[in-house]
Amino acid sequence: LVLVYDAQCGFCNRSVHLILKHDRQNTMYFASLQGEYGKSVLMRNPELKGIDSLVFVAPPDASHPERVFVRSDAALHVAGYLGGVWKLALAAYIIPRPVRDSLYDAFAKRRYRWFGKYDSCLLPPQEVRERFLV
């Protein structure tokens with residue numbers, strides 16, 4: 001599992017640290033959209049053109065070499081992965097995806113204004129650095 005995120009976004013960075021704090025499985029990896037791995041995911045998946053927020057990359061299955069989820073689906077996959085109380089967020093699946101994604105997009109449009117924007121990617125803490133892909 002890889003979560004590709006906007007490393008320049010203050011909210012996205014805080015979210016990654018929150019995930020690291022609550023990740024009991026310690027199997028999720030992280031990559032910035034601005035890095036090589038993030039760019040390669042976008043290039044392999046042309047339907048992601050213009051995506052500038054979360055991309056959840058799931059392990060392949062029998063019919064898909066790479067499964068990617070974006071916007072609200074990506075956030076809900078993260079909640080499902082974390083388990084516990086976070087699974088309560090999965091109730092949002094009853095909301096039609098276009099509605100969920102429009103709410104997600106409205107928030108994403110304002111995230112820099114509300115949470116700031118970094119000029120460069122933040123360096124992850126040493127104890128979890130191996131979980132960050134370049």
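Contact here means heavy atoms within 4.5 Å, and that is the sense in which one element covers another on this tour. The model is predicted.

**Stop 1: helix α3**

Select residues 71–82, which make up α3. The helix has twelve residues, and the distance from its first C-alpha to its last is 17 Å, close to the 16 Å expected at 1.5 Å a residue. Now colour by burial: Ser72, Asp73, Ala74, Leu76, Val78, Ala79, Tyr81 and Leu82 are buried. Show the neighbouring elements as well, since the cover over these buried residues includes β1, α1, β3, β4 (67–70) and α4. Step just past the end of α3 to Gly83, where phi is positive, about 70°.

**Stop 2: from α3 to α4**

Keep Asp73 in view and add Arg100. The two form a salt bridge, with the closest N and O atoms 2.3 Å apart. Arg100 belongs to helix α4 and Asp73 to helix α3, so this pair ties together parts that are 27 residues apart in sequence. Both Arg100 and Asp73 are buried.

Next, select Asp101, also in helix α4 (residues 97–115). Which side chain of opposite charge is nearest to Asp101? That side chain is Arg97, at 4.8 Å. A salt bridge requires the nitrogen to be within 4 Å of a carboxyl oxygen, and Asp101 has no salt bridge although it is buried. Beyond its neighbours within four places in sequence, Asp101 is in contact with Arg71, Ser72 and Asp73.

**Stop 3: the other end of a link from α4**

Move along α4 to Arg111. Its side chain meets that of Asp52 in a salt bridge (3.9 Å, N to O). Here the pair links distant parts of the chain: Arg111 is in helix α4, while Asp52 is in the loop between α2 (36–44) and β3 (55–58), 59 residues apart. Is each partner buried or partly exposed? Arg111 is buried because its relative accessible area is 3%, whereas Asp52 counts as partly exposed at 42% relative accessibility. Add Asp6 to the selection: Asp6, Asp52 and Arg111 are linked in a network of salt bridges.

**Stop 4: Arg131 and Asp23**

A search of the whole structure finds seven salt bridges. One of them joins Arg131 to Asp23, with the closest N and O atoms 2.4 Å apart. This pair also links distant parts of the chain, 108 residues apart: Arg131 sits in the loop between α4 and β5, and Asp23 in the loop between α1 and β2. Arg131 and Asp23 are both buried.

**Stop 5: helix α1 and the surface**

Select residues 10–22 for helix α1. At 1.5 Å a residue, its 13 residues should span 18 Å, and the end C-alpha atoms are 19 Å apart, which agrees. The buried residues of α1 are Gly10, Cys12, Asn13, Val16, Ile19 and Leu20. Show what these residues pack against: β1 (2–5), β2 (29–32), α3, α4 and β5 (132–133).

Finish with Leu18, which lies in α1. Leu18 counts as partly exposed because its relative accessibility is 37%. Switch on the surface and add Val85, Trp86 and Leu88: together with Leu18 they form a nonpolar patch with about 390 Å² of accessible area.

How values were computed
Residues numbered from 1 in each chain as written. Predicted model: local features only at pLDDT ≥ 70, side-chain atom pairs only at ≥ 80, totals over all residues. Heavy atoms only, no water. Helix = DSSP H or I, 4+ residues; strand = E, 2+ residues; numbered from the N terminus. Buried < 20%, exposed > 50% of the residue type's maximum accessible area, 1.4 Å probe, protein only. Lys, Arg positive; Asp, Glu negative; His and termini not counted. Patch = residues over 30% accessible without salt bridge, like charges linked within 9 Å, V, L, I, M, F, W, Y side chains within 5 Å. Areas by Shrake-Rupley, 256 points an atom, 1.4 Å probe, with all protein chains shown as cover. Expected span 1.5 Å × (residues − 1).
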